[in-house]
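Biologist: Got a minute to go through this one with me? Put it up on the screen and we'll start with the aromatics.

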Amino acid sequence: GKAAAAPQQAGKAAAAPPQPPASAGPSPCEVEAAAEAAEAAAAELCKAREEHSREAAELRVAVENLERERDFYFGKLREVEVLCQTKEASSPLGEKETVTVAEVLSILYKTDESEEFQPPPAEPQ
């Protein structure tokens, strides 16, 4: 029985309708269009990358400037603190020695060595 079944299966396979040939892939026009689209996308990505790099460089400079300004004003605050502590430590027991406005203003309006930060202009009175 098994030997007789094998020739019948072989005959059934031969009787199946022929399959259309497998696609040979995209047409040359489709390949060219896809390549052009990829090139356009790559150019757009390069342009966006350049813009982001420029923005990142500008932000780095802004951060550096803000850090220098922060340090500059923190230094002024620290000087006022030291002035107050010095006055407090040098006063005799029970007496309060006050810090004058002129002393504080002299610290606040002092410029840095590079003269990058200047005191604000005096307001007319």
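Modeller: Sure. A search of the whole structure turns up one aromatic pair; for that, ring centres of Phe, Tyr or Trp (its six-membered ring) must lie within 6.5 Å, with planes under 30 degrees apart called stacked, over 60 edge-to-face and the rest tilted.

Biologist: Which rings are they, and how are they arranged?

Modeller: They belong to Phe72 and Tyr73, and the pair is edge-to-face because the planes sit at 75°, with the centres 5.0 Å apart.

Biologist: Before I get carried away, what kind of model is this?

Modeller: It's a predicted model, where local features need pLDDT of at least 70 and side-chain atom pairs count only at pLDDT 80 or more, while totals for chains, interfaces and linings use all residues. Residues are numbered from 1 along each chain as its sequence is written, and side-chain values use heavy atoms, leaving out hydrogens and water.

Biologist: OK. Back to the pair: is Phe72 buried or exposed?

Modeller: Phe72 counts as buried, at 15% relative accessibility. Tyr73 is partly exposed at 41%. The cut-offs are under 20% relative accessible area for buried, over 50% for exposed and partly exposed in between, with a 1.4 Å probe and protein chains only.

Biologist: What's the overall secondary structure?

Modeller: Three helices and zero strands, so in order from the N terminus you read α-α-α. Those are DSSP runs numbered from the N terminus, H or I of at least four residues for helices and E of at least two for strands.

Biologist: How many residues does α2 have, and does its span agree or disagree with that?

Modeller: Helix α2 has 63 residues, 28–90, and should span 93 Å at 1.5 Å a residue; the end C-alpha atoms are 91 Å apart, which agrees. The expected span is 1.5 Å times one less than the number of residues.

Biologist: Which residues of α2 are buried?

Modeller: Phe72, Lys76, Val80, Leu83 and Lys87. What covers them includes α3.

Biologist: And across the chain, what share is buried?

Modeller: 7% of the 125 residues. The accessible surface comes to about 11000 Å², with 61% of that belonging to carbon and sulfur atoms. Those areas are Shrake-Rupley values with a 1.4 Å probe, and for residues only the protein chains shown count as cover.

Biologist: What about contacts, what share is long-range in sequence?

Modeller: Taking contacts between residues at least 6 apart in sequence, 55% join residues at least 24 apart. Contact means heavy atoms within 4.5 Å.

Biologist: Give me a couple of C-alpha distances then.

Modeller: Leu105, which is in helix α3, lies 9.5 Å from Val80, C-alpha to C-alpha, with their positions 25 residues apart in sequence. Glu81, in helix α2, is 9.8 Å from Val104 on the same C-alpha to C-alpha basis, 23 residues apart in sequence. Glu81 counts as partly exposed at 38% relative accessibility.

Biologist: Switching to charges: how many salt bridges?

Modeller: Five, counting a side-chain nitrogen of Lys or Arg within 4 Å of a carboxyl oxygen of Asp or Glu.

Biologist: Which one has Lys87 in it?

Modeller: Lys87 with Glu103, the closest N and O atoms being 3.1 Å apart. The pair links distant parts of the chain, Lys87 in helix α2 and Glu103 in helix α3, 16 residues apart. Lys87 is buried, with a relative accessible area of 16%, and Glu103 is partly exposed at 24%.

Biologist: And what does Arg54 bridge to?

Modeller: Glu58, with the closest N and O atoms 3.0 Å apart. They're four residues apart in helix α2, so about one helical turn separates them. Both are partly exposed, Arg54 at 43% and Glu58 at 46%.

Biologist: Any others worth listing?

Modeller: Asp71 and Arg70 meet in one, at 3.0 Å from N to O. Asp71 is partly exposed at 46%, whereas Arg70 is exposed at 52%.

Biologist: Last topic, which residues make the nonpolar surface patch?

Modeller: Val101, Leu105, Leu108 and Tyr109, giving about 370 Å². Patch residues have over 30% relative accessible area and no salt bridge, with nonpolar side chains (Val, Leu, Ile, Met, Phe, Trp, Tyr) joined within 5 Å and like charges within 9 Å.

Biologist: Where's Tyr109?

Modeller: In the segment after α3, which covers 101–108. Tyr109 is partly exposed, at 44% relative accessible area, and Leu105 counts as partly exposed too, at 34%.
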